[in-house]
Amino acid sequence: MSACVLELRNLTKTLESGFYRFDLFVPKLSLEPARFYGLTGKSGSGKSTMLDLLAMVSAPTAVEKFEFLSEGGAVDIAKLLKDSNDVAISDLRLRNFGYVLQSGGLFPFLTVRGNLELPFRLAGREVSDRELVELTCPFEMDQHLDKYPHALSGGQRQRVSVIRALCISPAIVLADEPTASVDENMADAIVGELKQLAASKGTTVLMVSHDMELVAKFADEIFSLRPEPVEENHIRSEMSVVGV
Amino acid sequence: MSESIHKAGFSSRAGKYWRGNVVLHIAARDLWHEFLLSLCLILSVTAILTPILLLASVKVGFIDRLRMEFIEDPSFREIRPGSADLRSESVFEDIRNWPGVSYAIPTVMMNPREVAVRIRKTDGIFRGEATLLPSTDEDPFLGRLQGDPPSGDNVVVTADFAEAAGIGIGDAFTIVVTRIENDQRKRVQIDAVVNGLIPADVLPSQTILGTPELEQHVEFYRSGVSVPERGWLGIDMEPRQAFSFIFGASPEPVGETLKSNLAVRIGAREARRIGPAELPSIIGVPAGTRFNSPVGDLLMLVPGGRMYTGRDLIEANDVLRNSEAFAFGAHPARDVEMLGRNIRMFGLPESLQIPETAGDVENARSRGASLSLNDRVLLPESLKDQFNANGRPDRIDVQVGYDDGEPTKELLLSLRPSGFIQGDSAMVSSALMALLERGRQVPLRFDKSSNGIVEQSTGFRGFRIIGSSIDLIPALAERLEASGVKVRAKSSQILKLQRLERSLNILVFVVAFVALIGGFSILTSSFFANVQRKKVAYATMRLIGMPKRLVFRIPIAQACIIASLGFLASVACYVLISSILNSFIAAELDFDGQLSRLYFSHFVLAGLFVVASACVASLAASRAATSIDPADALRTD
């Protein structure tokens, strides 16, 4: 197995809006397999921007190295983004990345079963009922397979979102404030389940959260973004490792 | 690279299936999830499409009814002669190959005539009359034939005739044909058998449809032409003349009025002024031949697609009678065989001839050569020795050849040599040339007893031409007229129908266009708004790895589903309303037939058009779906 699944060096992302300028700088980021990472920071520190970059929905302004590494070799994500190679990016996301969104990100027009089947269908695979039950049973969601998302509680929705993110065993799962809309106990449960399932599948998790306590409880390693004013209307935020 | 990110267990073939299917699945599930909104869209399509279908169906039903009326009346598809010009069978062989001609058969007379019919019955003798028409297996009038087509003396009769005569299939009856000969009524009989029946509405009067031979035999007998096949004797008739050209010569310039009057009266295409030097080349007078070249104005009456007759020449001279001008007919030279040699023979009117010696002229005139068959010939000087060697015969044989397919196969004439002219060509009167030309229209025979040329048949003065469709009749009639065949057809009524159909088409098109523009706008805005409302879902699709090309197809798939369901609902509404229109409204309007009617092809075309339009209407939404920035969409949410 590779030493890391994602490697990133000297990445800069500049956002400008009128007179306001925000620079995000990541000197180095290496995500190792089957590890649980946390990313914290204050509001406006660039957590979401960082996640957009990792999710390949936003391209860096400058980067020295931005690679996905697997047994098959390295994929130069920076080049794919530069070339706007949508087919390759979509394929990379589909097979190697999972996402857990703040709102759950479930499709309201599909049942739980439909939401879970979708990644398989996109990847060209059929999924049996048995597999779906096996996936959902540990989360106690096997009884809710034919329900629509609006019929589920917030916690149940997030659980389904976690299952969907991990169902095709991706290399990395990016979780964007997955516990923002649930209470503390539920948050602990969901993150615990996320960590447990990811570990069982050898998946790396990067969870973004402003809840330092939650992150500290589960993360193997924590990154932090610290925004500092450079001059008026210009903020620079740099990523650093704050704890292991 | 793609290898490196490809995981085991994902089959590319299955992938294509599932990815294609997943678009349809997502599109359908989304529409079903918002059932009421989708239903509104489907009803919008239905509300737009149903009135268009109904409008189009009423137009089709109305026009179809009119067309059926036209088609059921075969006279609308029939073209009849407008003049009694004589034509040979070969003309009709050519016409049969024209596009749009379903059937063409010549008739001896311009208008079919009636024959007397006699049927012996147990309670007496039935005497009646019926029109006799030639017919064959391919005759469209036999489309609803009960029994067999005409063969030999077995005929087909219309049902009204059969009813009046009290006969049916297999019954025998007698056709009686009469003619006046030497002030005496002569008659012959044909024993006919009813071979088949056709409905009375096919033809306007009680009719007997016989073989072409039967019709020809009847008309030949009436015209005095012998019918050896039936042992009917004929009365020899002098043939009529057929001129290729009629010229008008005048020492004074001919005025424009007289010129156009001349052209109109004899049916010429134009009266063209030509130089005196052109005349010899047109009628084939060899260079060096002396003749009275007309002085002053010389007009050539260009024929309008038919041969001139002796009557036309009389008519032309009648037009010119108050001037110093005169008209003469002429023909191009033709090759004949005489005294064992192939000789070019040309004709000149007597008024232009200058014989080699005055004695020859006197000699010829004193023998009383007739105008209609002037049987003298001026031999070429090159034949002088041979002529003398043969003992200066009083008459010489002249063999005239005709082309294949022409009624006269070969004509052997006996002419009186009455002098010599310079060169290698023989000269006869243009009247004789016109008689020989007549052989191209009817079979000719030289009668040695009277030293005259007689017609062996009367040729064909009429025809029945039936178009394959009423739409083709006006063009067909126009083509026949352009080729010199005067015709009568119901072109004006057909053109009126076509104009009405075109107008209704435009009307339906304009209404449909306006309605479809409205429908198109509704669908475009609805699909676009739908994508804007579901930005998060589209952003999530991108995040979980759905490529842009699949995202692009989702609104299109939804458009196809909405359009298809809307179309099916429209068809259902149409069927319902149409049946009400046809059952109740049509009866109220006293409309005979289906007031509202559409064919399967109309539904197929309408369905394809609606689905295609909806796809186009969804393109803006598809474009918007692929332009969604997932980062923006998810943050905004």
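Strands are taken here as DSSP runs of type E with at least two residues, numbered from the N terminus, and on this basis A:N10 is placed in strand β1 of chain A, which covers residues 6-17. The model is a predicted one, and the backbone at this position is described first. The phi angle of A:N10 is near 50°, a positive value in a residue other than glycine. Most residues other than glycine have a negative phi. The relative accessible area of A:N10 is 31%, and the residue is therefore partly exposed, since this class lies between the limits of 20% and 50%.

A positive phi near 50° is likewise found at A:S84, again a residue other than glycine. A:S84 is located in the loop of chain A that runs between α2 (77-82) and α3 (86-96). With a relative accessibility of 56%, A:S84 counts as exposed, because the limit for that class is over 50%.

A further position in chain A, A:A74, belongs to strand β5, which comprises residues 73-76. A:A74 has a relative accessible area of 46% and is partly exposed. When its neighbours within four places in sequence are set aside, A:A74 is in contact with A:E67, A:F68 and A:L69. Between the C-alpha atoms of A:A74 and A:L54, which are 20 residues apart along the chain, the separation is 15 Å.

In helix α5 of chain A, formed by residues 129-136, the residues A:L132, A:L135 and A:T136 are buried. These three cover an arc of only 85° around the axis, so that they are placed on the same side of α5(A). The partners against which the buried residues of α5(A) pack are three helices of chain A, namely α4 (112-122), α6 (154-166) and α7 (184-201).

Between the two chains, 41 residues of chain A are in contact with 36 residues of chain B. The area that chain A and chain B bury between them is about 3600 Å², and carbon and sulfur atoms account for 63% of it. On the side of chain A, the residues that lose the most area to chain B are A:F109, A:R121 and A:L122, which together contribute 21% of what that side buries.

Chain B contains 18 helices and 25 strands, and its domain assignment gives three entries, two of which are made up of two segments each: domain 1 (12-68 + 495-636), domain 2 (89-237 + 460-468) and domain 3 (242-441). The C-alpha centres of domain 2 of chain B and domain 3 of chain B lie 40 Å apart.

The overall dimensions of chain B can be set beside these assignments. Its radius of gyration is 39 Å, whereas a compact globule of 637 residues would have a value near 26 Å, and along the principal axes its C-alpha trace spans about 125 × 75 × 55 Å. Of the 637 residues of chain B, 50% count as buried. Among the contacts in chain B with a separation of 6 or more, 77% are accounted for by residues that are 24 or more positions apart. The area exposed by chain B is about 30000 Å², of which 55% is supplied by carbon and sulfur atoms.

Note on methods:
Residues are numbered from 1 along each chain as its sequence is written. Chains are lettered from A and ligands numbered from 1 in the order in which they are written. This is a predicted model: local features need pLDDT of at least 70, side-chain atom pairs count only at pLDDT 80 or more; totals for chains, interfaces and linings use all residues. Side-chain values use heavy atoms; hydrogens and water are left out. Buried means under 20% relative accessible area, exposed over 50%, partly exposed in between (1.4 Å probe, protein chains only). Helices (H or I, at least four residues) and strands (E, at least two) are DSSP runs, numbered from the N terminus. The arc is that of the directions from the helix axis to the C-beta atoms. Contact means heavy atoms within 4.5 Å. Domain bounds come from an automatic or database domain assignment. The radius of gyration is taken over C-alpha atoms; the globule rule is 2.2 Å times the number of residues to the power 0.38. Accessible areas come from the Shrake-Rupley method with a 1.4 Å probe; for residues, only the protein chains shown count as cover. Buried area is the accessible area (1.4 Å probe) that two parts lose on being put together, summed over both.
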